[in-house]
Amino acid sequence: MTALAVAALGLAGAWLLPRPLAAARWPYRFPRAGIAAWMLLFPATVGALLAAGLTMALHLLSKGPGPEHMGGPVLDGAIAVSEVLLVLAGLAAVSTTVHRATVARRTHLRDLFLVARPTAHTGVVVVEAGVPAAYAVPGRHGAVVLTTAARDALSRPELAAVLEHERAHLRARHDRLLTVTGTFATAAPWVPAARIGHRSLRMLAEMHADDAAARRTSPFTTATALVKLAGTAAPSTGLGVTGTDVAVRVQRLLDRAAEPRVPGRWPMVLGLAGLAALASVPFEVLVVALA
């Protein structure tokens, strides 16, 4: 397989695979597996493009253009240089975004601790406010934040569900994943893998946290907590319990409450196996190029 064919495979995957994956139902039944699927899509698409560029660059530097290169030395060199520049630009954009997000969260936490009060729950602070809100601020000294209005609106089991939801965000470090994918979605919204991937991962991260809350309490209790806090917002530095797609998530929890057994693991297994096979292609290409 030529480097150009690998690059074409990566481009086709970046445009054709995101919509079927976003439309599949199994990621919503198994959010953690769904997150893994989107993370496999990255090396299967962007990784293929990078592997193709590096293969061309390595071949040109060591042996010059070979018969397997369809474009000749000029085209191969141009593609290789473009991909290297694209990679460097992407790394710079992600690094800048992560740094800005980290600074913003530290500033938010510093300001928050000036007005917040600790609670009996470890890592949870409460802020006097008449608007219900619950969110997590990630970081080394991250915290779960509740307003007094949210605390008063929730029953004790619902409060436990909300706290477990936010702790799940902090444990899984969903902020890192969403910061990186959000950077790509902002920089290249015309690429379906970037735009659709970020939107789907936001929902899957919330569903993953919902499942943690449901295991701690019950799907019905988690659903009622979401309904009570629906319409509330979190600061951009935090991950709110009602961050996205509340209606879909509530219906999913109610379905889970009615039918606790989760069917249909085979589509998940087949989907992950197929994406893992695609994701291995760039590595195989690089191994051959370095041999």
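This is a guided tour of one predicted chain, with a suggestion at each stop of what to select and what is there.

Because the model is predicted, local features need pLDDT of at least 70 and side-chain atom pairs count only at pLDDT 80 or more, while totals for chains, interfaces and linings use all residues. Residues are numbered from 1 along each chain as its sequence is written, and side-chain values use heavy atoms, with hydrogens and water left out.

**The whole chain**

Begin with the full C-alpha trace, which spans about 70 × 45 × 30 Å along its principal axes. The chain has twelve helices and five strands, where helices (H or I, at least four residues) and strands (E, at least two) are DSSP runs numbered from the N terminus. Of the 291 residues, 47% are buried, with buried meaning under 20% relative accessible area, exposed over 50% and partly exposed in between (1.4 Å probe, protein chains only). Among contacts between residues at least 6 apart in sequence, 69% join residues at least 24 apart, a contact being heavy atoms within 4.5 Å.

**The sheet**

Next, select the five strands, which form an open sheet in the order β1-β2-β4-β3-β5 with mixed pairing; two strands pair if DSSP finds at least two bridges between them. The edge strands are β1 (117–118) and β5, each of which pairs on one side only.

Move on to β4, residues 143–147, where five of the five residues are buried. Ala143, Val145 and Thr147 lie on one side and Val144 and Leu146 on the other, so that if you colour by accessibility both faces should appear covered. Adding β2 (residues 124–127) to the selection shows a parallel neighbour joined to β4 by four bridges, with valine 126 standing opposite leucine 146 of β4.

Now add β3 (residues 134–137), from which Ala134 and Ala136 point one way and Tyr135 and Val137 the other, each of them buried. β3 pairs with β4 in the antiparallel sense over four bridges, and in that pairing tyrosine 135 has valine 145 as its bridge partner, while alanine 136 has valine 144. The hairpin of β3 and β4 has five residues between the strands, and glycine 139 in this hairpin takes a positive phi near 140 degrees.

Which strand pairs with β3 over two bridges? That strand is β5 (residues 239–240), which pairs with β3 in the antiparallel sense, and here the bridge partner of tyrosine 135 is glycine 240.

**Two crossing helices**

Two packed helices are described by the angle between their axes and the distance between the axes. Select α7 (residues 156–172) and α10 (residues 219–229), whose axes come within 9 Å and cross at roughly 85 degrees; the axes are lines fitted to C-alpha atoms, for helices over the stretch in contact, and angles run from 0 to 180 degrees between N-to-C directions. The two helices are therefore roughly perpendicular to each other, on a scale where angles under 35 degrees count as roughly parallel, over 145 as roughly antiparallel, 65 to 115 as roughly perpendicular and the rest as oblique. To see the contact, show Pro157, Glu158, Ala161 and Val162 of α7 together with Thr221, Thr222, Thr224, Ala225, Lys228 and Leu229 of α10.

Within α10, centre the view on threonine 222, which is buried with a relative accessible area of 3%. Leaving aside neighbours within four places in sequence, threonine 222 is in contact with Ala161, Asp210, Ala213, Ala214, Thr217 and Leu253.

**The aromatic pair**

The last stop is the one aromatic pair in the structure. Phenylalanine 42 and phenylalanine 184 form a tilted pair, 6.0 Å centre to centre with 35 degrees between the planes; rings of Phe, Tyr and Trp (its six-membered ring) pair if their centres lie within 6.5 Å, and planes under 30 degrees apart count as stacked, over 60 as edge-to-face and the rest as tilted. Phenylalanine 42 lies in α4 (residues 31–62) and phenylalanine 184 in α8 (residues 174–187), so the pair ties together parts that are 142 residues apart in sequence. Phenylalanine 42 is partly exposed, with a relative accessible area of 41%, and phenylalanine 184 is partly exposed, at 30%.
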